[in-house]
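Reader: I am new to this structure and should be grateful for a close look at a single part of it. Please choose one region and describe how it is placed within the whole.

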Amino acid sequence: RADRSDRASKSLDNVIKRAWRMSSFFLPSKGNRPGAKRKGGPIGRTTKTNTKGAKKTQPPRSNARKVSTLSEEISSDSDVESASKKPHHVREEEEDAAEVEETAAEKRLRLAKEYLARLEDSETKDGEAADHDTIGQRLKEDLLEQSGRLQKKVAHLYTAPDASAIRFFKRHQLPLTCVAITPDEKHVYSGSKDCTVTKWDIETGKTQVVFVGHHKGVPGGVAGHTGQVLAVAISSDGKFVATGGQDKVIHVWDGSTNLHVHTFRGHNQSISGLVFQRGTHQLFSCSFDRTVKIWNLNEMVYVETLFGHQDPIGAIDCMSRERPVTAGTTDRTLRVWKVLEESQLVFNGHRSAIDCVKMINDEHFISGSQDGTLALWSIVKKKPLVMVHHVEQRGIPLDPDLPPSWVSAVAALPNTDLIASGASDGYVRLWRCGDAFRSLEPCFSVPVPGVINALAFSHSGRYLVAAVAQEHKFGRWWKVKGVRNGVAVISLSRQSVDSMISL
């Protein structure tokens with residue numbers, strides 16, 4: 001009995017320590033505080049400054065000679081008298097305000113206790129008290145997710161779906177280029193070279209709304225794209241939907257009413273990628289003009305521009321940190337932009353143009369190249385942790401009559417070990433990341449004829465959605481005959497994965 005009590009006390013101590021560490025994330029640092037000003041003028045980025053009417057800083061005045069008088073000594077008594085004349089309720093409010101003031105350590109402790117209480121409520125089942133070990137495990141996972149190092153083992157729970165689990169939505173007249181799933185997993189957005197964006201019901205496959213567009217312009221002053229749509233992104237809360245493409249503008253739509261909200265202009269060439277920082281309304285865009293731009297959708301304003309790539313940028317992704325990752329196409333580099341630190345990290349390893357990139361967590365990401373390889377990266381290493389071939393490793397022979405098997409799309413279920421990749425070989429392949437992200441092992445493949453221009457997992461991992469087309473999203477180097485342009489929705493088979501994933 002004494003041993004059990006000792007183990008219980010140690011477990012409780014560990015839970016309190018983890019909660020204390022987690023509470024530090026509730027207090028934003030000075031650099032991450034909303035509205036905090038950033039220093040301007042670093043190499044590789046530009047910011048807006050206004051130098052007109054700037055006033056010169058006045059030098060500090062020298063201390064004036066202090067004169068001690070009788071009246072000054074008596075003034076302290078007068079202050080006491082004036083304070084005593086204040087109404088009673090005013091004095092009580094001031095005393096209460098002084099009592100409620102707390103230090104940073106006290107605030108951390110209070111937030112830790114509140115966080116523990118919420119965890120206990122969520123883990124309580126049938127009136128039974130939550131186990132300290134279970135709460136400790138939850139705290140550990142939350143801490144790893146906040147630090148960007150969480151990797152939940154779920155890939156082994158998935159099995160290959162049968163043909164009935166694959167549904168195909170068709171409406172676009174030209175090849176699809178991008179897809180995105182809403183956080184509630186009820187709708188899918190798809191963009192196409194026909195200048196339109198379509199919102200689908202993921203269960204019925206019916207069209208909910210179409211954001212019209214046309215190469216010759218949108219009639220009647222209606223907002224819409226006048227060039228190929230190449231990118232679509234949805235904010236974490238589903239409030240905003242952003243679309244961009246060859247017309248060099250970003251249209252922002254209301255996710256619930258489907259109304260047009262705002263139009264951003266600033267890129268000089270086609271917009272190839274859009275992504276929201278997770279948990280915020282900050283939008284990142286990348287373009288063929290070799291720049292990354294940041295936009296604030298809370299106030300609908302442009303923030304800044306980042307420079308670094310030597311050739312057009314083909315893809316962008318971001319997690320919860322303000323550190324987007326981009327894929328340079330023909331410059332064959334990947335870059336992680338440390339926005340707050342005003343610097344960037346450059347990664348090399350692919351031998352050909354890089355078409356796609358996706359973050360797994362805040363410290364690891366996956367990329368696909370026209371050399372037919374998948375590469376797994378860590379932000380602390382400039383070379384890939386592991387690199388595999390999309391087709392050859394699967395043992396599928398290459399057919400010279402088929403188009404080259406460029407890896408044109410990748411997707412990752414956030415904070416897990418499940419990866420998906422697509423090319424033009426007729427298959428979407430799923431992979432499992434090994435321990436410490438040191439290996440990529442094939443799980444199974446799903447037959448999807450055509451060029452896979454985009455992939456997206458749903459929030460829970462229930463669906464995998466693919467943008468299927470007859471040609472590559474950035475060009476017309478070849479055409480796959482007999483393929484329909486549309487959205488392929490793959491319902492993934494799994495074993496009790498709902499209890500394993502809580503993102």
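Author: The account below turns from the whole protein to one strand, its partners on either side, and then a pocket and a loop elsewhere.

The model is a predicted one. The protein contains five helices and 31 strands, and buried residues make up 48% of its 503 residues. Of the contacts with a separation of 6 or more, 53% are between residues 24 or more positions apart. The accessible surface comes to about 26000 Å², and carbon and sulfur atoms hold 49% of that area.

Confidence should be considered before any detail. The average pLDDT of the protein is 80, and 68% of the residues score at least 70. Over residues 393–398 the pLDDT is below 50, and this stretch has 15 contacts in the model beyond near neighbours in sequence. Residues 25–84 also stay under 50 in pLDDT, and the model gives them 46 contacts beyond four places in sequence. Where pLDDT is low, the predicted coordinates should not be read in detail.

The part chosen here is strand 25, which covers residues 418–422. Five of its five residues are buried, so strand 25 is largely enclosed by the rest of the structure. The threshold for "buried" is under 20% relative accessible area. L418, A420 and G422 point one way from strand 25, while I419 and S421 point the other way; all of them are buried.

On one side of this description stands strand 24, formed by residues 409–412. Strand 24 and strand 25 run antiparallel and are joined by four bridges. Within this pairing, V410 is opposite S421 of strand 25. The two strands make a hairpin with five residues between them, and in its turn N415 has a positive phi of about 65°.

The next partner is strand 26, residues 427–433, which pairs with strand 25 in the antiparallel sense over five bridges. I419 has W431 of strand 26 as its bridge partner, and G422 is matched in the same way with V428. Four residues lie between the strands of this hairpin, where G426 takes a positive phi near 90°. In strand 26, five of the seven residues are buried, so this strand too is largely enclosed by the rest of the structure.

Strand 26 continues the arrangement towards strand 27, residues 440–447, to which it is joined by seven bridges in an antiparallel pairing. Here R429 stands opposite S445 of strand 27. The hairpin of strand 26 and strand 27 has six residues between the strands, and A436 has a positive phi near 60°.

Strand 24 also has a place in a pocket. The second largest pocket has a volume of about 1000 Å³. Its lining comprises 46 residues, of which A180, V275, D317, K358 and A456 lie nearest its centre. Strand 24 is one of the elements that give two or more residues to this lining, others including strand 4 (176–181), strand 12 (271–276) and strand 28 (451–457).

Strand 4 leads to a last detail, since R171 lies in the loop between strand 3 (166–169) and strand 4. With a relative accessibility of 34%, R171 counts as partly exposed. Leaving aside residues up to four places away in sequence, R171 touches T198, W200, T207 and V210. R171 and V487 are 316 residues apart in sequence, yet their C-alpha atoms are 9.0 Å apart in space.

Methods
Residues numbered from 1 in each chain as written. Predicted model: local features only at pLDDT ≥ 70, side-chain atom pairs only at ≥ 80, totals over all residues. Heavy atoms only, no water. Buried < 20%, exposed > 50% of the residue type's maximum accessible area, 1.4 Å probe, protein only. Pairing = 2+ DSSP bridges. Contact = heavy atoms within 4.5 Å. Areas by Shrake-Rupley, 256 points an atom, 1.4 Å probe, with all protein chains shown as cover. pLDDT = per-residue confidence, 0-100. 1 Å grid on protein atoms, 1.4 Å probe; cavity = no way out; pocket = protein on both sides within 12 Å on 5 of 7 lines; lining within 4 Å. Points joined across faces, edges and corners; volume = space filled by probe spheres on them.
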